[in-house]
Amino acid sequence: MARIVMKFGGTSVAGTERIRRVANIVRAQAAGGNQVAVVVSAMAGETDRLVNFCREANAIYDPAEYDVVVSSGEQVTAGLLALTLQSMGCKARSWLGWQLPLKTFSAHANARVGEIHAERLLESMDDGEIAIIPGFQGISDSDRITTMGRGGSDTSAVAVAAAIGADRCDIYTDVDGVYTTDPRIVARARKIKHIAFEEMLELASVGAKVLQTRSVSLAMKHNVPVQVLSSFIDDESPPADSLPGTMIVSEAEMAKLLEEGQVERQSVTGIAHDKNEARVVLTRVPDKPGAVADIFTPLGEAGINVDMIIQNVGRDKGETDVTFTVPQAELARAQALLEDRKGSLGFNRVITDSKVAKISVVGMGMKSHTGVAATMFKALADRGINVQAISTSEIKVSVLIDEDETELAVRVLHTAYGLDAPDEIGAAAE
Ligand code: ADP
Ligand code: ASP
Ligand code: MG
């Protein structure tokens, strides 16, 4: 007997017919003698719809009330899945965030998981009941409902898995694993059978939305075995968890697989893109010690996350341009904050551009391969794609480009790093 957490994303629960299919997958796991807890997302499109309602009600909405509204989508699917399982003769019940309770801390709308008191949940699972938990939601110190940022149900699933000491956390979605890049952009993207936590973390943080970044860091911290699988299977298919998906493994397991020749390490494992960044250029900033500190300190204090930064070579008269990126959602706030301080910071203009995209190549193999960045720049240059900013880490190179060139850039890089699947096994060719 194993204790398993199964998470189903929005497309997997989009409507009662899809929920019935999910119920079949869950029932098969429970029938195998396993203890099962299921984490569900809201139906596809539902969270966007609820977010729009909040915007319509009040453009500058209170995040605590936003959480009350947007958390409701998950509550609906949790109840519907419990009802469907009951209709099949299974014992099942829902556990809302406050009932567990799943405690969270810090900001509303972007809360982090704190403690989970899983005693009652475990008692119910010991009694043979299937537990259905709405993802994305928790409860704050002051007993108010919270949500954990977009894509947060992945994090709920991993957190529940860690809290109940699950043997596995299976993330069922609308693709059958983690690919070398978004398979919706590159038809010849390849499924990655095993990926190290560190690589997955980096890929998620630069835009591969298949897993929420925090879910990966939490899994890494608590050593939760995570597997990404497809829920889009026929009722007649073999059990979903026996189909090959992607296993997220520790560095030690990866080293073993490499040694056994089961995986091959390339310089680049995956490519991700992110269209949610915006570029800010401050022109004619005084080129003197402390100038950049004066710019970035207030942004940091306001909780605005700055990513890529470039300080251009100083111009004449001791002036320079400073370029950086912020999340698009923070752009208006960043711009207002800088304009307010124009006098003391001494720059000339703030120029912004939201029509940019960040393209990143990620791979542990970069630690030992040279020329990874050069390959990237050359491949982009060959297609006339201009690089507006660059940032690197030990296992990642990111460039900022024109948003219209996103798909082209991802495809070109996928080919340049030799990641394309041969025709016969290409995802689209199947
Ligand atoms: P869910 O609703 O199940 O949480 P998401 O839409 O959040 O699903 O994540 C799955 C989507 O992530 C896929 O449909 C795919 O388009 C996208 N995606 C982006 N990068 C990757 C990648 N490297 N591998 C697989 N899917 C990816
Ligand atoms: N429903 C939430 C969202 O769309 C959480 C999730 O699906 O993971 O972001
Ligand atoms: Mg998701």
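This passage describes the nonpolar cores and one sheet of a predicted model. Residues are numbered from 1 along each chain as its sequence is written, local features need pLDDT of at least 70 and side-chain atom pairs count only at pLDDT 80 or more, and side-chain values use heavy atoms, with hydrogens and water left out.

We may begin with the interior. The largest nonpolar core (buried Ala, Val, Leu, Ile, Met, Phe, Trp, Tyr and Cys residues joined through side-chain atoms within 4.5 Å; buried means under 20% relative accessible area with a 1.4 Å probe, protein chains only) holds 42 residues. Val-5, Leu-121, Ile-164, Cys-169 and Met-200 touch the most other members. Helix H6 (residues 153–163) supplies the largest share of this core, 5 residues; helices are DSSP runs of H or I with at least four residues, strands runs of E with at least two, both numbered from the N terminus. Beyond its neighbours within four places in sequence, Val-5 is in contact (heavy atoms within 4.5 Å) with residues including Ala-157, Val-160, Ala-161, Ile-164 and Cys-169. A second, separate core numbers 24 residues, among them Phe-8, Val-26, Cys-90 and Ile-130.

Turning to the sheet, 4 strands are arranged openly in the order E13-E18-E20-E19, with antiparallel pairing (strands pair if DSSP finds at least two bridges between them). Strands E13 (270–274) and E19 (389–393) each have a single partner strand, so one side of each lacks a neighbour in the sheet. Between E18 (residues 356–362) and E20 (residues 396–402) there are 7 bridges, and Ser-360 has Ser-398 of E20 as its bridge partner.

Key: Chains are lettered from A and ligands numbered from 1 in the order in which they are written. Buried means under 20% relative accessible area, exposed over 50%, partly exposed in between (1.4 Å probe, protein chains only).
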